[in-house]
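Here is a structure to read with care, term by term. The questions that follow ask what each label rests on, and the answers set a value against its cut-off.

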Amino acid sequence: MTNKIYEKLMKKCIALAKKGVGKVEPNPYVGAIIYDEKKQKILSCGYHEKYGEAHAEVNAIKNLKKICKNKTLIVNLEPCSHWGKTPPCSDLIIKSEFKKVIVGMIDPNPLVKKNGINQLKKAGIEVIEGILENECKKLNKIFIKNMVHKKPYIMLKTATTLDGKIATPIYNSKWITNELSRNQVQKLRSKHCAIMTGSGTILHDNPNLNVRIKNKKNPTRIIFDPNNKIHIDPDKINVFKNNGVRIILINNSKIKTPDYIEKIEYNDFNSLFLKLYQMGIYSIMIEAGSGLNSALIKANEVDEINQFIAPKIFGCGLDFIKNFDIKNVDECVKLKDISTKRFGDNVLINAIIEKD
Ligand code: AOF
Ligand code: ZN
């Protein structure tokens with residue numbers, strides 16, 4: 001069997017895995033296919049459907065009417081080998097007498113991490129690793145960040161003019177990007193556990209930071225105010241309006257806040273994000289001004305940027321990032337895996353921040 005066929009099947013696994021979006025988090029998105037190499041035929045498919053329930057491999061095996069003996073299993077994530085909320089998939093795969101297992105990427109979960117593959121090999125099953133590895137890693141970028149760093153995945157969104165401005169000198173920013181771009185921002189918000197902004201944005205824009213798409217849950221709001229600049233007045237400050245949305249305030253003041261606001265202290269970004277992860281925040285979309293944007297990028301905490309660019313030039317005003325002390329080009333923050341998308345006359349640039 002050529003890798004081309006495995007790649008095609010892996011693509012299908014990724015598509016199956018995506019059916020779990022919004023239902024399995026913080027678990028990974030996983031799809032599995034059982035394939036008959038002799039007949040060159042897909043016999044069964046499965047995916048991880050719901051948090052805490054059967055893994056993709058188990059569902060694919062369950063959906064197969066015949067026996068798995070001598071068949072090939074394709075799965076985008078290494079099969080697990082541990083007892084979690086469900087039994088180890090590696091045991092079931094061995095018991096089912098598969099001949100071959102095709103794996104997209106190694107499971108970064110320290111409880112698995114190569115153990116699943118090693119067990120399969122020990123049982124005499126042929127394992128082929130790394131098929132469409134980059135695509136598989138992209139699919140589970142949040143899960144990988146969570147497992148490796150025990151911190152939330154951080155995506156910074158900004159909406160700028162062609163010259164990188166987010167507002168005029170008098171803080172006017174309504175609207176730099178067009179309606180199509182702003183609708184896309186709504187979709188991005190709905191895909192993250194939380195939205196985080198700083199005190200400057202709250203005081204100048206008084207944003208709602210909500211999702212206005214029907215049947216979509218509002219993400220947790222995280223307000224970063226380490227210098228205690230905001231007065232918590234839900235009548236005046238929109239993000240503090242309590243309509244069932246979780247609110248986390250980061251400040252160091254002793255002032256009592258309403259019970260529905262969770263308050264945490266700020267020391268540094270690293271301990272803040274470790275803490276937020278422990279509080280069940282697995283991914284954060286940053287929608288802030290240049291102060292917080294710059295501090296987060298400088299601290300190497302941002303994983304991904306989505307920059308919407310409008311065909312406008314201000315030539316003055318607020319930059320989306322400021323005060324980097326860079327002298328030589330090779331000292332710059334480097335971006336990779338660039339993709340672009342048009343929204344009418346706006347362009348969205350999506351990029352991953354290089355960390356090595
Ligand atoms: C999933 N779905 O399809 C696969 C996973 O607590 P458990 O038993 O659900 O185990 C979760 C871990 O199992 C997860 O962190 C990952 O390491 C591994 N594989 N998880 O939720 C799946 N294949
Ligand atoms: Zn499993």
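Q: Where along the chain is F324 placed?
A: F324 sits in the loop between β14 (318–319) and β15 (335–343), where strands are DSSP runs of E with at least two residues, helices are runs of H or I with at least four, and both are numbered from the N terminus. This is a predicted model, in which local features need pLDDT of at least 70, side-chain atom pairs count only at pLDDT 80 or more, and totals for chains, interfaces and linings use all residues. Residues are numbered from 1 along each chain as its sequence is written, chains are lettered from A and ligands numbered from 1 in the order in which they are written, and side-chain values use heavy atoms, with hydrogens and water left out.

Q: Why is F324 called partly exposed?
A: Buried means under 20% relative accessible area and exposed means over 50%, with partly exposed in between, using a 1.4 Å probe and protein chains only. F324 has 28% relative accessibility, so it counts as partly exposed.

Q: What does F324 touch, not counting residues up to four places away in sequence?
A: F324 touches S294, I297, K298 and V333 under that restriction, a contact being heavy atoms within 4.5 Å. F324 and S294 are 30 residues apart in sequence, while their C-alpha atoms are 7.7 Å apart in space. In helix α10 (residues 290–298), S294 and I297 are among the buried residues, and the helix is followed by N300, whose phi is positive, near 65 degrees.

Q: What makes H55, C80 and C89 the protein donors of the zinc ion (ligand 2)?
A: Donors are N, O and S atoms within 2.8 Å of the metal (3.2 Å for Na, K and Ca), and sites may look incomplete because water is not among the atoms. The ND1 atom of H55 and the SG atoms of C80 and C89 lie 2.0 to 2.3 Å from the zinc ion, so these atoms meet the cut-off for donors. H55, in the loop between β2 (41–47) and α2 (56–63), and C80, in the loop between β3 (72–77) and α3 (89–95), are 25 residues apart and link distant parts of the chain.

Q: Why do C80 and C89 count as buried?
A: C80 has a relative accessibility of 5% and C89 has one of 1%, and both values fall under the limit for buried, so the label applies to each.

Q: How do you know that C45 is not in a disulfide?
A: A disulfide is a pair of cysteine sulfur atoms within 2.5 Å. The closest cysteine sulfur to that of C45 belongs to C13 and is 7.7 Å away, which is too far for a bond. A search of the whole structure finds zero disulfides.

Q: Why is T158 called buried?
A: T158 has 2% relative accessibility, so it counts as buried. T158 lies in strand β6 (residues 153–160) and touches I166, N306, Q307, F308 and F320, not counting residues up to four places away in sequence.

Q: Why does K157 count as buried, and what joins its side chain to that of E287?
A: At 12% relative accessibility K157 falls under the limit, so it counts as buried. K157 is also found in strand β6, and a polar contact of 3.1 Å joins its side chain to that of E287. A polar contact is a pair of N or O atoms within 3.5 Å; within protein, one must be able to donate a hydrogen and the other to accept it, and residues adjacent in sequence count only if both atoms are side-chain atoms.

Q: What makes a set of residues a nonpolar core, and which members of the largest one touch the most others?
A: A nonpolar core is a set of buried Ala, Val, Leu, Ile, Met, Phe, Trp, Tyr and Cys residues joined through side-chain atoms within 4.5 Å. Of the 46 residues in the largest core, M10, I34, I74, I93 and V101 touch the most other members. Helix α1 (residues 3–17) gives the most to this core, with seven residues. Apart from it lies another core of 27 residues, among them I154, I284, I305 and F320.
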